[in-house]
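I opened a fresh page for this one. My plan is to look up how the chains meet and then how the protein meets the DNA.

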There are 2 protein chains.
Amino acid sequence: MVTQSEENYLKAIYHLVKQGSSVVSTNAIAKKIHTKASSVTDMLKKLADKELVDYKKYQGVCLTKKGKIIAANVIRKHRLWEVFLVEKLKFSWDEVHDIAEQLEHIKSEKLINEIDAFLEFPSHDPHGDPIPDRHGNIVKNNSVNLLEIKIGDEGVLAHVKDSSDIFLKYLNKNNLALGYKIKVIDIEPFDSSIKIEVKAKQIVISKNVAKNLFINI
Amino acid sequence: MVTQSEENYLKAIYHLVKQGSSVVSTNAIAKKIHTKASSVTDMLKKLADKELVDYKKYQGVCLTKKGKIIAANVIRKHRLWEVFLVEKLKFSWDEVHDIAEQLEHIKSEKLINEIDAFLEFPSHDPHGDPIPDRHGNIVKNNSVNLLEIKIGDEGVLAHVKDSSDIFLKYLNKNNLALGYKIKVIDIEPFDSSIKIEVKAKQIVISKNVAKNLFINI
DNA sequence: ATAGTTTTTTAGTCTTCCCTAAAAAAATAT
DNA sequence: ATATTTTTTTAGGGAAGACTAAAAAACTAT
């Protein structure tokens, strides 16, 4: 049996590996799940005993095959529940994260597969993140970041990297949502801010915002 | 903050009070939640400190107003989730209990109220148990037990007391479900077994089964 | 290369919730 | 009324998962 806490560590490692090097540091995990490095070390030993991670002292950590499947499954549940909350209940995309953090730990294969079917097998969650299938396979995201784009390029907003409440509220306020067509009007060399056109309106977004937006060209 | 374990104790006390005397014994709670009497004593002290139960050593325990509201809320969540699983996903009434045991601890007022609305404010769960409203109020059940009934009486199956997997499977096998019309054909004085008519078929049920069936006349 | 800094681990504690064993109180039986 | 049984509580301890403080290892910079 994998505990809730163990699932959270596996998930954190999974995400950190995905967005960076092949091995994850103790500190990085501690930061990610708001705990102390010493707690992380404790847990890594436990996960290593269970053969869910490959861990050697001072050498960082990565997931084993078994660990990766469990992590992907937790992420699958998280994202499916998010879709459920937004599509079937009246939640907006900035409200679902904390609830999905709880729901992702509900243990029942059948439940999550029924939810999947009930939602008609969505491929992405409300933030544009791909949903792993029941074997832990996940589609590659080939959307491109707004910072890597030239004036005149256009595409459809497909993914937001930062799913924090505050960032999603910013997007709401500026009428930016997944699926909207975005055209790059101008890029300011001084601060890398970008003027874009969305729904026939032009707005300027900072480099920091652009960093978190991805479009399909 | 009320922990999951505390919620389970409050729920157990709520159920035991409902079906019996005004005060609940340590042993009764231990039996209900499959733990030891000493663990129960520990927890009762903690709940008493939080003013969720009235507890005096050796005197049994009952819920305070605050405790009762929390317990009713957990039960509300449990039953609404059961309705969701049966009505919206493809679960049968004998599969939902264990999953609802997990889901009942998800913390979000908004979530459960949205679920309630999504289900169009059901009044009863799949086993015929009434669903408390968001203030913890619960309608009185005025269905009558099959053992208290005379030959010739008839009514609609409204409630099953035992929600165990094995009992519900027995009902499935014998084509008994909530909402079905039942007529009492004969009562055998020797063993109190009852011959009933359901859906134009006659079956004999034991006293033990009858004890768990309630109908609206 | 070595001194200083940062990261990681170890050692020891705390809280929650469970347990066993023994003591104390209450209930029951003779 | 007292002996026996049952119930409940206390005492002490274990596992999980967090923490602080200190030690050890690994980096970094001169």
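First, a term I need: a polar contact is a pair of N or O atoms within 3.5 Å; within protein, one must be able to donate a hydrogen and the other to accept it, and residues adjacent in sequence count only if both atoms are side-chain atoms. With that in hand, I found a polar side-chain atom of B:T3 at 2.6 Å from a phosphate oxygen of DNA strand C.

House rules: this is a predicted model, where local features need pLDDT of at least 70, side-chain atom pairs count only at pLDDT 80 or more, and totals for chains, interfaces and linings use all residues. Residues are numbered from 1 along each chain as its sequence is written, chains are lettered from A and ligands numbered from 1 in the order written, and side-chain values use heavy atoms, with hydrogens and water left out.

More on the DNA. I looked up A:K57 and got 2.4 Å from a polar side-chain atom to a phosphate oxygen of DNA strand C. For B:K36 a polar backbone atom does the job, 3.1 Å from a phosphate oxygen of the strand.

Next, the two chains. I see 20 residues of chain B in contact (heavy atoms within 4.5 Å) with 20 of chain A. I noted 2 salt bridges between them (a side-chain nitrogen of Lys or Arg within 4 Å of a carboxyl oxygen of Asp or Glu). One salt bridge pairs B:E95 with A:K110, with the closest N and O atoms 3.0 Å apart. I also logged 4 residue pairs in polar contact across this interface, both residues at pLDDT 80 or more.
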